[in-house]
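Here is a short briefing to read alongside the model. Please have the sequence and the 3D view open as you go through the points below.

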Amino acid sequence: MTKVKKNKMKTHKGMKKVFKVRKSGSISMSHQGVLHNTGKRTAKTNRQKRNASSLHKSDYKRIKDLI
């Protein structure tokens, strides 16, 4: 009897660019809207979007499979 191989899930290239896995295993994500057209936003907004934020636990498993 031959073993049937499971299909491997491909990496979602768009998510790979947004989410990073830390050494601890948690996932950090970048904010949207920081690459261009930042002059029309307040300096406070631009500063806050520069920092990465952590992914919520409820979304962890869904995103982990796609990265």
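Every residue of this predicted model, 100% of them, scores a pLDDT of at least 70, and the chain average is 89; pLDDT is the predictor's confidence in each residue, on a scale from 0 to 100. Among the elements, helix 2 (residues 43-50) has the highest mean pLDDT, 94, and helix 3 (residues 57-66) the lowest, 86. As this is a prediction, local features need pLDDT of at least 70 and side-chain atom pairs count only at pLDDT 80 or more, while totals for chains, interfaces and linings use all residues. Numbering starts from 1 along each chain as its sequence is written, and side-chain values use heavy atoms, leaving out hydrogens and water.

**Overall build**

- You will find three helices and three strands in the chain, following the order α-β-β-α-β-α from the N terminus; helices (H or I, at least four residues) and strands (E, at least two) are DSSP runs, numbered from the N terminus.
- The radius of gyration of the chain is 17 Å, where a compact globule of 67 residues would have one near 11 Å; the value is taken over C-alpha atoms, and the globule rule is 2.2 Å times the number of residues to the power 0.38.
- Measuring out the C-alpha trace along its principal axes gives a span of about 65 × 25 × 20 Å.

**Surface and contacts**

- Of the 67 residues, 12% are buried (under 20% relative accessible area; exposed is over 50% and partly exposed in between, with a 1.4 Å probe and protein chains only).
- Carbon and sulfur atoms hold 55% of the accessible surface, which totals about 6400 Å² (Shrake-Rupley method, 1.4 Å probe; for residues, only the protein chains shown count as cover).
- Among contacts (heavy atoms within 4.5 Å) with a separation of 6 or more, 57% link residues 24 or more positions apart.

**The sheet**

- Three strands form an open sheet in the order 1-2-3 with antiparallel pairing; two strands pair if DSSP finds at least two bridges between them.
- Strand 1 (19-21) and strand 3 (53-54) are at the edges with a single partner strand each, so one side of each has no neighbour in the sheet.
- Strand 1 and strand 2 (residues 27-29) run antiparallel and are joined by three bridges, with Val21 opposite Ile27 of strand 2.

**A look at Gly33**

- Gly33 lies in the loop between strand 2 and helix 2 and is partly exposed, at 33% relative accessible area.
- Leaving aside residues up to four places away in sequence, Gly33 touches Thr38, Arg41 and Lys49.
- From Gly33 to Asn46 the C-alpha distance is 8.9 Å, across 13 residues in sequence.
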